[in-house]
Structure formats: C-alpha cells, structure tokens
Amino acid sequence: MINNKLFIAELAQRLGYSAKDTQSMVYQVVDAMADSFQEGNAVNVPNFGCFEVKKKMERIMVSPTTGQRMLVPPKLVLGFKVSPKWKEQIKNGGTE
C-alpha cells in the first residue's frame, strides 16, 4: 500500500515538479472532484474509471444481537466503477 507522502513523491518525480507543487496540484484536483460530488455530478477519469454519487434508499435492518428492527435512513455514497481497460488488466494479473 502506498501512503500520501510516497504517492506525492513518485508523482513529483514523474512530472518533474517539486513535491510541494505536486501536492498542491493533487489537493486542487481532489477539491474540484469534491465540489462536483456535492453538486451530484459524476467524475469520469479516462482510462481509469468513473466516480459517482449514488443514493441508497431507506431500509429496515434487523440487529443480529437483539433482533430489534430499525429504520436506516437514506444516504448518499460515493461509488467507483473501474474502466474496462483496467478491469481486464487486473483480471490478467496486472500484465497487459
């Protein structure tokens, strides 16, 4: 697993920018995506996948310990659908 610091360092090296500038750019991209999600819009990243806000409907659940039925309110969740290119690459063990 890669953490934020290693991701920024790798991206900075590949792009030829300083780590500080690269971190600023990544944060701006994430902020722009968050703004789009707040408006209910999907964000499609070509050859990577699509992030979209989905609404989960309210439902009734049963507590496994008490057996009591509870109403779970509706909520918005962020979903991700991987692009067919990456899905195929992952299915083949990471090789093209």
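The exercises below work through helix packing, strand pairing, salt bridges and one loop residue in a predicted model.

**Exercise 1. Helix packing**

Task: Determine how the axes of α1 and α2 are oriented to each other, and which residues meet in their contact.

Solution:
- Step 1. Two packed helices are described by the angle between their axes and the distance between the axes.
- Step 2. The axes of α1 and helix α2 (residues 19-38) come within 9 Å and cross at roughly 110°.
- Step 3. Angles from 65 to 115 degrees count as roughly perpendicular, and α1 and α2 are therefore roughly perpendicular to each other.
- Step 4. On the α1 side, the contact holds Asn4, Phe7, Ile8, Leu11 and Ala12. On the α2 side, Ala19, Thr22, Gln23, Val26 and Tyr27 take part.
- Step 5. Sorting the residues of this contact by type gives seven nonpolar, three polar and no charged.

**Exercise 2. The three-stranded sheet**

Task: State the strand order of the open sheet of three strands, and find which strands stand at its edges.

Solution:
- Step 1. Strands of a sheet pair through backbone hydrogen bonds, either parallel or antiparallel.
- Step 2. In this sheet the order is β1-β2-β5, and the pairing is antiparallel.
- Step 3. β1 (43-45) and β5 each have a single partner strand, so these two stand at the edges, and one side of each is left without a neighbour in the sheet.
- Step 4. Ignoring direction, neighbouring strands of the sheet are turned by 25° against each other on average.
- Step 5. Strand β2 (residues 49-56) is joined to β5 over eight bridges, in the antiparallel sense. Lys54 stands opposite Val77 in β5.

**Exercise 3. The hairpin of β3 and β4**

Task: Describe how β3 and β4 pair, and say which residue in their hairpin takes a positive phi.

Solution:
- Step 1. Strand β3 (residues 59-62) pairs with strand β4 (residues 69-72) over four bridges, in the antiparallel sense.
- Step 2. One of the bridges sets Arg59 against Val72 in β4.
- Step 3. The hairpin has six residues between the strands. Gly67 takes the positive phi, near 80°.

**Exercise 4. Salt bridges**

Task: Find how many salt bridges the whole structure holds, then place the pairs Arg14 and Glu10 and Lys91 and Glu88 in their helices.

Solution:
- Step 1. A search of the whole structure finds two salt bridges.
- Step 2. Arg14 and Glu10 meet through their side chains at 2.8 Å, N to O. These residues are four apart in helix α1 (residues 4-15), which means a separation of about one helical turn.
- Step 3. Arg14 has 67% relative accessibility and counts as exposed. Glu10, at 34%, counts as partly exposed.
- Step 4. In the pair of Lys91 and Glu88, the closest N and O atoms are 3.8 Å apart. The cut-off for a salt bridge is 4 Å, so this distance lies within it.
- Step 5. Lys91 and Glu88 both lie in helix α3, three residues apart, or about one turn of the helix.
- Step 6. The relative accessible area of Lys91 is 62%, and this residue is exposed. For Glu88 the value is 39%, and the residue is partly exposed.

**Exercise 5. A loop residue**

Task: Locate Ser83 and decide whether this residue is buried or exposed.

Solution:
- Step 1. Ser83 sits in the loop between β5 (75-82) and α3 (84-91).
- Step 2. The relative accessible area of Ser83 is 10%. Buried means under 20%, so Ser83 is buried.
- Step 3. Leaving aside residues up to four places away in sequence, Ser83 touches Asn47, Phe48 and Gly49.

Definitions and conventions. Residues numbered from 1 in each chain as written. Predicted model: local features only at pLDDT ≥ 70, side-chain atom pairs only at ≥ 80, totals over all residues. Heavy atoms only, no water. Buried < 20%, exposed > 50% of the residue type's maximum accessible area, 1.4 Å probe, protein only. Contact = heavy atoms within 4.5 Å. Axes fitted to C-alpha atoms, helices over the stretch in contact; angles between N-to-C directions. Parallel < 35°, antiparallel > 145°, perpendicular 65-115°, else oblique. Nonpolar A, V, L, I, M, F, W, Y, C, P; charged D, E, K, R; others polar. Pairing = 2+ DSSP bridges.
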